[in-house]
Every structure is written in structure tokens, then in C-alpha cells.
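Subject: Structure for you to look at

Hello,

I am handing over the structure we spoke about, and below it I have written out what was found. Please keep the model open while you read, so that you can look up each place as it comes.

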Amino acid sequence: MAVARPGAHSWRHEISRYQWAVLVATTMGWALDGFDSSLFTQVAGPATTDLLGHPSSFYSGLAVTVFLFGWAVGAIAFGALADYVGRVRVLIIGVLTYSVFTALATLSGEFWHFAVLRFIAGIGSGVELPIGAALVAEAWNNRHRAKASGIMMSGLAIGSFLSAIVYNFVGGFGWRLTLAFGLIPALLVLFIRQHVHEPESTATVKAARAVRKQERAAGARKIAADRFVLTQLFTPPMLRRTVPCTVICIGALFAFWGVTTWTPQIVREIVGEHGVSGNAAVGYVSWATAMLNLGGLIGYASWGFIADKIGRKPTFVMSLVIGIIAVCVLYPFGTSFAAYMWLLPFVGFGVFGVLSGNAVFFPELFGASVRASALAVTNSIGRLFTAAGPLLAGAIATQWFGGSLALATTAVSALIVIAFIGLAFTPETHGEFLFDDNPATSVDGLVAGGIISEGIRP
């Protein structure tokens, strides 16, 4: 009889029920956010055609751009709020907002109705990534943190994969019925309310702020940590981390929104050349979306495991190189549906994997007092810079590439190389939280004085 090795299953005993609950809630939240967003990109073309009375790549791109602007606004506003009032309540508000307003978009009678409702849905959607990533980083305060963060990020691909299945079965009934499924995420609120509470770091940060308030009332001088969290991120010493992380996001999101927004339409055009159009193309689009997100799922979930082995920055380089090569091979030269089925998983692995890196790496560069805001700001500025990417691709396809969305998508997505610039100016964390180097200028610096302790060493 085989004898179990001592400690063979010890990793299970390092993870509490609360940590599992946080991982399930945030992964489901990100999955349902991805479900909502992917459903939208699959029906953006048909919805625009129906509301305008004619097809328009420009207005399809505009609808996505409006959503991304809403995402950025919501992330910054709610991310800052979460650093003061806590993660969980803000997460609940976000889930309800994007699910309800996605469903309400089905009632649109004109394009501008549709655009406004998508903007509001975007505000709620923006909550998921910064708060979910911060919550996992703070709850999983052990050596499994990177793995948990990567698994949480895989929720986006899981949701997008599920949306492809839903679209395959209901897409033929029209875009309104398809978007009505966006109401499903509202059910997640019930789970969050019952099983997820604030991490200990929230209480310790609030306690530190209370101490500082008393000290200020007694005449203590003002320090950087007394500033509003958004101000802290854009002044030294945090500025040297905010800017590089933002640059990484800009590069990654150009590629992400380029391929996720336009791949469905490109596939429609490819199969259309073989006489497949209308509802007959639904299956092809859903399969292509599924393959893109299958690769993304692997890229997301494996990122933390790989990063624990070879380091955060080398894993970023791996994802970026794979993403660049896959995009530049597939979109300019892929002329058949089979080519897309074979190569889309590689596109997803590289392009989506970079975003998983953001969720693993960025929380280690900022302290608990500003973490949600930092994740929100870096990703949101990235989205504001790249929000016009879908619109730009639709426009330049007509102006520069003779109507070829594939070439336009390649040009926009190739801007992922910008991420290398930001990566060059970030330190390797080796799996540890790196706080402000100067204890006198940050609430996080109070760790050195014994006031705050997150139990952060893996």
C-alpha cells in the first residue's frame, strides 16, 4: 500500500474557507462581466444595423467605445470609494449596475438610447477588475496569491466562452433576446452578501487613518498618506509606479479590445465570402469566440503558476511575445475559417495573459490604502487611451486598408508593444508586496512602525 508523503496535501490546509469564498465570488464576478461584454461584442454589429437601419462599422465601434469610457469612469470613481468604505459593498453595487443596464439596453428604440445604457452598464462593469484583484490579493495573503489572482482573471475567458455558447443557441432570435441574458450576473449578489466580508487589511487601513486623523487634530504635520488616494498616485513617490503600470495597460488593452471587438465581424466577413451570412454565420462566430477565449482561459489561469516559477517580468515578456506573433500572423494572412480556429487560441493565450499579469503584478506594487484605486486608475487610463481603438479600427479599415478590418485590427493590436516600455521601468517583486520605500510618506510605511501588518510575506 502506498504511503502518503508528509505534507503532500499541506497546501489545502493553508487556504481558509473565506479565501475560497473570495476566489469564487471574484472569479464569478469577472466571469459574468466577461459574459456581458462578450455578448455585447457579438451582437454590436446586428444591434447597430437594426437601430440605424443599415450596417455601420463606425457606429458598432462607437458603441464599444462608449462602453469603455463608462468602464473607465466607473473604475476610477468606485475604486477610490472602495479604498475608503471597503471592497465588498462597492463590488455589489457594480454587479447590479452592469447586469441591470445590460438588460435594459434590449428596450432601446434608437442608437443613442442604446449608447447611453451601454455607458451606464460600463460604469458598473468597471468595478470588477480593480476591486476583485485587490480583494483576492488581500484575502490570499500567502504563497498562493499569484495563482489565485490568475485563476480569478480566467473568469473573464470563462464568461466569454459561456457567452459564445449562449449566442450559438439564441443569437438567431435577435440581439435583444441575446442581451437579455446579461441580467444573470445580478444573482451573484446573493452569494457575495452571504459569504464574503471585508479583508483584515481594510480594517487596519481604516484604523491607521483614524490614528492619523487624531494626530493631525493634535497638530502633526501633513504627510503624503493624508492626501486623497488619487492625489497620492500622481505625486512622488507613487508616481514612479503609477506611470509604468499605466503604460503596460495601454499596450495590453489596445490588443485586447482590438481582437475581442473585431474578431466576430472579421469571421463574419470570411465566411460571408463563401456564401454564409445572417443567422447561418452565428455558429461560426460563436466557435471563433470560443476558441479565442479558450486560449485566453489558459493564458489567464496559467500566468500566476508560471510567474511563481520564472518571475513576474519574464512571464510578461512571454505573454507579450506570443501575443504579438499570433496577431501578426493570423489577422493579415488568415484567409480561412480553419486558420482562425487554429490560431485564435494562441492570440488569446498571449493577449489575455498580459491582463492576468496586471492582476498579479500590480497589487504587489501598491499598498492596501491605495490598492483598489491604483488598479482602477492604471487600467482606466489605459482604457481611456484605448477606448477609441475599436472606433479607430473601424475608421482606418475604410480609410487606409481598403475596408479590411483584419489589417486594421492588426495595426491597432500591434500597439501591444507599448507595454514593453512600462515593463522596463517596474521592479521585479519576486512575489512580495513592495510598499513605499519611505515610511514617513505613506500609510503603508506604518508597517515599519508596527501599526499595519497585512501578513504579506508569501
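Please start at Glu-215, which is partly exposed, with a relative accessible area of 32%. This is a predicted model, and every value in this message is computed from it. Glu-215 forms a salt bridge with Arg-212, and the closest N and O atoms of the two are 2.7 Å apart. Both residues belong to helix 10 (residues 200-217), where they sit three residues apart, about one turn of the helix. An α-helix has 3.6 residues a turn, so residues three or four places apart point the same way. Arg-212, unlike its partner, counts as buried, because its relative accessibility is 9% and the cut-off for buried is under 20%.

The structure holds 11 salt bridges, and two others deserve a look. Asp-83 pairs with Arg-87, with 2.6 Å between the closest N and O atoms. Asp-83 counts as buried at 5% relative accessibility, and Arg-87 is buried as well, with a relative accessible area of 2%. Asp-308 and Lys-147 form another salt bridge, in which the closest N and O atoms are 2.8 Å apart. This pair links distant parts of the chain, since Asp-308 is in helix 13 and Lys-147 in helix 7, 161 residues apart. Asp-308 is partly exposed, with a relative accessible area of 31%, and Lys-147 is partly exposed too, at 22%.

Now for the chain as a whole. It has 19 helices and zero strands, and of its 458 residues, 58% count as buried. Among contacts between residues at least 6 apart in sequence, 83% join residues at least 24 apart. The accessible surface comes to about 17,800 Å², and 69% of this belongs to carbon and sulfur atoms.

How many of the nine residues of helix 18 (residues 405-413) are buried? Seven of them are, so the helix is largely enclosed by the rest of the structure. The buried residues include Leu-405, Ala-408 and Val-412.

There is also empty space inside the model. The count comes to five cavities of 30 Å³ or more, and the largest cavity holds about 260 Å³ of space. It is lined by 28 residues, of which Ser-37, Ser-160, Phe-256, Trp-257 and Thr-260 are the closest to its centre. Several helices each supply at least two residues of this lining, among them helix 2 (17-52), helix 7 (145-170) and helix 12 (239-272). By class, the lining has 14 nonpolar, 12 polar and two charged residues.

The largest pocket holds about 210 Å³ of space. Of the 15 residues that line this pocket, the closest to its centre are Pro-46, Tyr-167, Arg-268, Gly-278 and Asn-279. Helix 2, helix 8 (175-180) and helix 13 each supply at least two residues of the pocket lining, which by class has eight nonpolar, six polar and one charged residues.

Finally, two places in the backbone are worth finding. The peptide bond from Pro-236 to Pro-237 is cis, with omega near 5 degrees, and Pro-237 is found in the loop between helix 11 (229-233) and helix 12. His-430, in the segment after helix 19 (418-424), has a phi near 55 degrees, a positive value in a residue other than glycine. His-430 is exposed, with a relative accessible area of 65%.

Best wishes

Technical notes. Residues are numbered from 1 along each chain as its sequence is written. This is a predicted model: local features need pLDDT of at least 70, side-chain atom pairs count only at pLDDT 80 or more; totals for chains, interfaces and linings use all residues. Side-chain values use heavy atoms; hydrogens and water are left out. Buried means under 20% relative accessible area, exposed over 50%, partly exposed in between (1.4 Å probe, protein chains only). Helices (H or I, at least four residues) and strands (E, at least two) are DSSP runs, numbered from the N terminus. On a 1 Å grid over the protein atoms alone, a cavity is a set of points where a 1.4 Å probe fits but cannot get out, and a pocket is an open set with protein on both sides within 12 Å along at least five of seven lines; lining residues have an atom within 4 Å of a point. Grid points are joined across faces, edges and corners, and a volume is the space filled by probe spheres set on the points. Ala, Val, Leu, Ile, Met, Phe, Trp, Tyr, Cys and Pro count as nonpolar, Asp, Glu, Lys and Arg as charged, and the others, Gly among them, as polar. Contact means heavy atoms within 4.5 Å. Accessible areas come from the Shrake-Rupley method with a 1.4 Å probe; for residues, only the protein chains shown count as cover. A salt bridge is a side-chain nitrogen of Lys or Arg within 4 Å of a carboxyl oxygen of Asp or Glu.
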